[in-house]
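Biologist: Got a minute to walk me through this one? I'd like to go over it piece by piece.

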Amino acid sequence: MRVSVIGGSTVTDEQYQQAREVGKLLGEHGHDVVCGGLTGVMEAVCRGASEAGGHTIGILPGERRADANDYVQTAIATGMGNARNVLVVMNGAAVIAVDGGTGTLSELGHALDINRPVAGLGTHRLDGVADGDAIEHVDTPAEAVAYVESAVQ
């Protein structure tokens, strides 16, 4: 299955390692990774997935495929800026969020709007979201991958 991984473009070393482990696990389990294709969480998840033999897809905000990080195998230029965020989450059967700022927050909103299961690893908590439309907050990359695999039948 395709799994969208979203998160901050600027991350700590710990967050980078978490995202890299998410990518590694997804790759080992035979899943494709969809992300925004740039730096931070996006680079780390693509790196981990690539190292594990997985396929990576970057949906870029700009018009140049060459702007993708070195671990993106399929780069899709959109020229849409942050409006491409909906395309990132729409192209995965589930979403894993690692950390993140306002761009990640918008992606979480889109994911919940289109009923994608979401695992959150140190990401936004959304109080007041309707029952059944929540983020499954987890503590480890393994728990994040296990959740999205169990949530998509």
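Biologist: Is Thr-123 buried or exposed?
Modeller: Thr-123 counts as buried because its relative accessible area is 11%, and buried means under 20%, exposed over 50%, partly exposed in between, with a 1.4 Å probe and protein chains only. Keep in mind that this is a predicted model: local features need pLDDT of at least 70, side-chain atom pairs count only at pLDDT 80 or more, while totals for chains, interfaces and linings use all residues. Residues are numbered from 1 along each chain as its sequence is written, and side-chain values use heavy atoms, with hydrogens and water left out.

Biologist: OK, and where does Thr-123 lie?
Modeller: In the loop between strand 6 (118-121) and strand 7 (136-138). Helices (H or I, at least four residues) and strands (E, at least two) are DSSP runs, numbered from the N terminus.

Biologist: What is Thr-123 in contact with, leaving aside neighbours within four places in sequence?
Modeller: Ala-97, Asp-99, Thr-104, Leu-108 and His-137. Contact here means heavy atoms within 4.5 Å.

Biologist: Which backbone oxygen lies 2.6 Å from a polar atom of the Thr-123 side chain?
Modeller: That of Asp-99.

Biologist: Tell me about Asp-99, then. Where is it?
Modeller: Asp-99 sits in the loop between strand 5 and helix 4 (102-113). It counts as buried because its relative accessibility is 17%. Its phi is near 55 degrees, which is a positive value in a residue other than glycine.

Biologist: And what sign does phi have in most residues other than glycine?
Modeller: Most of them have a negative phi.

Biologist: Which residue in the loop between helix 4 and strand 6 should I look at for phi?
Modeller: Asn-115 is in that loop. Asn-115 has a positive phi of about 60 degrees although it is not a glycine. Asn-115 is exposed, with a relative accessible area of 59%. There is also a glycine with positive phi: Gly-53, near 85 degrees, follows helix 2.

Biologist: Back to Thr-104. Where does it lie, and what does it touch?
Modeller: Thr-104 lies in helix 4. Not counting residues up to four places away in sequence, it touches Ile-6, Gly-7, Gly-8, Ala-97, Asp-99, Thr-123 and His-124. Thr-104 counts as buried because its relative accessibility is 3%.

Biologist: What about Ser-106?
Modeller: Ser-106 is found in helix 4 too. At 30% relative accessibility, Ser-106 counts as partly exposed. Its C-alpha is separated by 23 Å from that of Arg-64, 42 residues apart along the chain.

Biologist: Switching topic: which residues of helix 2 are buried?
Modeller: In helix 2 (residues 41-51) they are Val-41, Met-42, Ala-44, Val-45, Cys-46, Gly-48 and Ala-49.

Biologist: What covers them?
Modeller: The cover includes strand 1 (2-7), helix 1, strand 2 (32-35), strand 3 (56-60) and strand 5 (94-98).

Biologist: Helix 1 came up there. How about Leu-26?
Modeller: Leu-26 lies in helix 1 (residues 13-28) and is buried, with a relative accessible area of 0%. Beyond its neighbours within four places in sequence, Leu-26 is in contact with Val-3, Val-5, His-31, Val-33, Ile-96 and Val-145. From Leu-26 to Pro-141 the C-alpha to C-alpha distance is 9.6 Å, with their places 115 residues apart in sequence.

Biologist: Now the big picture. How many helices and strands does the chain have?
Modeller: Five helices and seven strands. From the N terminus on, they run β-α-β-α-β-β-α-β-α-β-β-α.

Biologist: How does the radius of gyration look?
Modeller: The chain has 14 Å, which agrees with the value near 15 Å for a compact globule of 153 residues. The radius is taken over C-alpha atoms, and the globule rule is 2.2 Å times the number of residues to the power 0.38. The C-alpha trace spans about 40 × 30 × 30 Å along its principal axes.

Biologist: What share of the residues is buried?
Modeller: Buried residues make up 44% of the 153.

Biologist: And what share of contacts joins residues at least 24 apart?
Modeller: 55%, among contacts between residues at least 6 apart in sequence.

Key
A polar contact is a pair of N or O atoms within 3.5 Å; within protein, one must be able to donate a hydrogen and the other to accept it, and residues adjacent in sequence count only if both atoms are side-chain atoms.
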